[in-house]
Amino acid sequence: MKKLILNEKELRKRMIDLDIKTINELSVNSGVSKPTIYEYLNGKSPLSAAFARLCDYLCVDPQDILKEAKEDLTEESYVQTSN
């Protein structure tokens, strides 16, 4: 099973599109804490209410900024994707 993680490249592109220059600015404007955003950037699965708020603020569909992680994970820590 594959885990979905944040596609940092897509997040950064969206930040540029919205003229958001820093993670701090993204945090303040989206209502998602900086530590949470950094957790997403470091590979924590972003499927949570905070991630939904971040996507809402960025006006982006969550699927547009997610990608599959390379490593397989145990049942407790994955989000199942269809192949």
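Mentor: Helix axes here are lines fitted to C-alpha atoms over the stretch in contact, and the angle between two of them runs from 0 to 180 degrees between N-to-C directions. The model under discussion is predicted.

Trainee: In what order do the elements of the protein chain run from the N terminus on?

Mentor: The protein chain holds four helices and two strands. Read from the N terminus, their order is β-α-α-α-α-β.

Trainee: At what angle do the axes of helix 2 and helix 3 cross, and are the two helices parallel, perpendicular or oblique to each other?

Mentor: The two axes come within 9 Å and cross at roughly 120°. Angles of 65 to 115 degrees count as roughly perpendicular and those over 145 as roughly antiparallel. The crossing of roughly 120° therefore makes helix 2 and helix 3 oblique.

Trainee: Is the crossing of helix 2 and helix 3 left-handed or right-handed, and how do the residues of their contact divide?

Mentor: The crossing is right-handed. On the side of helix 2, Ile23, Asn24, Leu26 and Ser27 take part, and they meet Lys34, Ile37, Tyr38 and Leu41 of helix 3. By class, the residues of this contact are five nonpolar, two polar and one charged.

Trainee: How are helix 2 and helix 4 oriented to each other?

Mentor: Their axes are 10 Å apart, and the packing angle is about 100°. Leu26, Asn29 and Ser30 of helix 2 meet Arg53, Leu54, Tyr57 and Leu58 of helix 4, a contact of four nonpolar, two polar and one charged residues. Because angles of 65 to 115 degrees fall in one class, helix 2 and helix 4 are roughly perpendicular.

Trainee: Which helix supplies the largest share of the largest nonpolar core?

Mentor: This core has 19 residues, and among those with the most contacts inside it are Leu26, Ile37 and Leu54. Strand 1 (2-6), helix 1 (8-17), helix 2 (23-30), helix 3 (34-41) and helix 4 (49-58) each give at least two residues to this core. The largest share, five residues, belongs to helix 4.

Trainee: Which residues of helix 4 does Leu26 touch?

Mentor: Leu26 is one of the core residues with the most contacts inside the core. Leaving out residues up to four places away in sequence, Leu26 touches Leu11, Met15, Ile20, Gly31 and Ile37, and also Leu54, Tyr57 and Leu58. Those in helix 4 that meet helix 2 include Leu54, Tyr57 and Leu58.

Trainee: Is Ser27 buried or exposed?

Mentor: Ser27 is found in helix 2. Beyond its neighbours within four places in sequence, Ser27 is in contact with Val32, Ser33, Lys34 and Ile37. The relative accessibility of Ser27 is 11% and the cut-off is under 20%, so Ser27 counts as buried.

Trainee: What distance separates the C-alpha atoms of Leu41 and Leu11?

Mentor: Leu41 lies in helix 3 and, at 17% relative accessibility, counts as buried. Apart from residues up to four places away in sequence, Leu41 touches Leu6, Glu8, Leu11, Arg12 and Ile23. Leu41 and Leu11 are 30 residues apart along the chain, and their C-alpha atoms are separated by 9.2 Å.

Trainee: What percentage of the contacts with a separation of 6 or more in the protein chain is due to residues 24 or more positions apart?

Mentor: The protein chain has 83 residues, of which 34% are buried. Among its contacts with a separation of 6 or more, residues 24 or more positions apart account for 64%.

Definitions and conventions
Residues numbered from 1 in each chain as written. Predicted model: local features only at pLDDT ≥ 70, side-chain atom pairs only at ≥ 80, totals over all residues. Heavy atoms only, no water. Core = buried A, V, L, I, M, F, W, Y, C linked by side-chain atoms within 4.5 Å. Buried < 20%, exposed > 50% of the residue type's maximum accessible area, 1.4 Å probe, protein only. Contact = heavy atoms within 4.5 Å. Parallel < 35°, antiparallel > 145°, perpendicular 65-115°, else oblique. Left-handed = near helix turned anticlockwise from the far one by under 90°. Nonpolar A, V, L, I, M, F, W, Y, C, P; charged D, E, K, R; others polar.
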